[in-house]
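Trainee: Could you take me through one part of this model, slowly? I'd like a close look at the sheet and whatever sits around it.

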Amino acid sequence: MEKKCVVFVTTNGEKTSKKVSDAVLENRLAACVNRVPGIVSRYWWKGKLETSREELLIMKTKKSLVPRLIKAVKKAHPYEVPEIIALDINDGNIEYLNWVARETE
């Protein structure tokens, strides 16, 4: 069975979250995207400590689709360097993981 991944992407708000989600879902690069609003991110950017209100997108996909998903997110995302982190799923509900496989390219 092909490996599945969870991909985390932060955005600057609802409008970008919808645009990014639509880009990956309409192209079947993810089976599901969860939107978690109201997070606060602290990070270094260009030598300065920053704080931003953001949203977190949690995407479920096949590992083989991650390069195309990254490309689609970058195209739809306004950040110069968007956070896109993919983590392998090592175990889980087999019916759900099979569903992820069926709903993606």
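Mentor: Here is a walk through the sheet, then the helices lying across it, and last the cysteines.

Keep in mind that this is a predicted model. The sheet is an open one with 4 strands, and if you read across it the order is β2-β3-β1-β4, with antiparallel pairing. At the edges you'll find β2 (32-45) and β4 (84-89), each of which pairs on one side only. Neighbouring strands aren't lined up exactly: on average they are turned by 30° against each other, direction ignored. And what holds strands side by side? Strands of a sheet pair through backbone hydrogen bonds, either parallel or antiparallel.

Now zoom in on β1, which covers residues 4-11. Its antiparallel pairing with β4 runs over 6 bridges. To see one of them, find K4, whose bridge partner in β4 is I89.

Next, the helices. Helix α1 (residues 14-26) lies across β1, β2 and β3 (48-62), and its angle to β3 is about 25°. Helix α3 (residues 94-103) lies across β1, β2, β3 and β4, running at about 90° to β3.

Finally, the cysteines. A disulfide is a covalent bond between the sulfur atoms of two cysteines. To count as one here, the sulfur atoms must be within 2.5 Å, and the count comes to 0 disulfides. Take C5: the nearest cysteine sulfur belongs to C32 and is 15 Å away, and C5 is in no disulfide. C32 is in no disulfide either, with the sulfur of C5 as its nearest, 15 Å away. As for its surroundings, C5 is buried, with a relative accessible area of 1%.

Key
Residues are numbered from 1 along each chain as its sequence is written. This is a predicted model: local features need pLDDT of at least 70, side-chain atom pairs count only at pLDDT 80 or more; totals for chains, interfaces and linings use all residues. Side-chain values use heavy atoms; hydrogens and water are left out. Buried means under 20% relative accessible area, exposed over 50%, partly exposed in between (1.4 Å probe, protein chains only). Two strands pair if DSSP finds at least two bridges between them. Helices (H or I, at least four residues) and strands (E, at least two) are DSSP runs, numbered from the N terminus. Axes are lines fitted to C-alpha atoms, for helices over the stretch in contact, and angles run from 0 to 180 degrees between N-to-C directions. Contact means heavy atoms within 4.5 Å.
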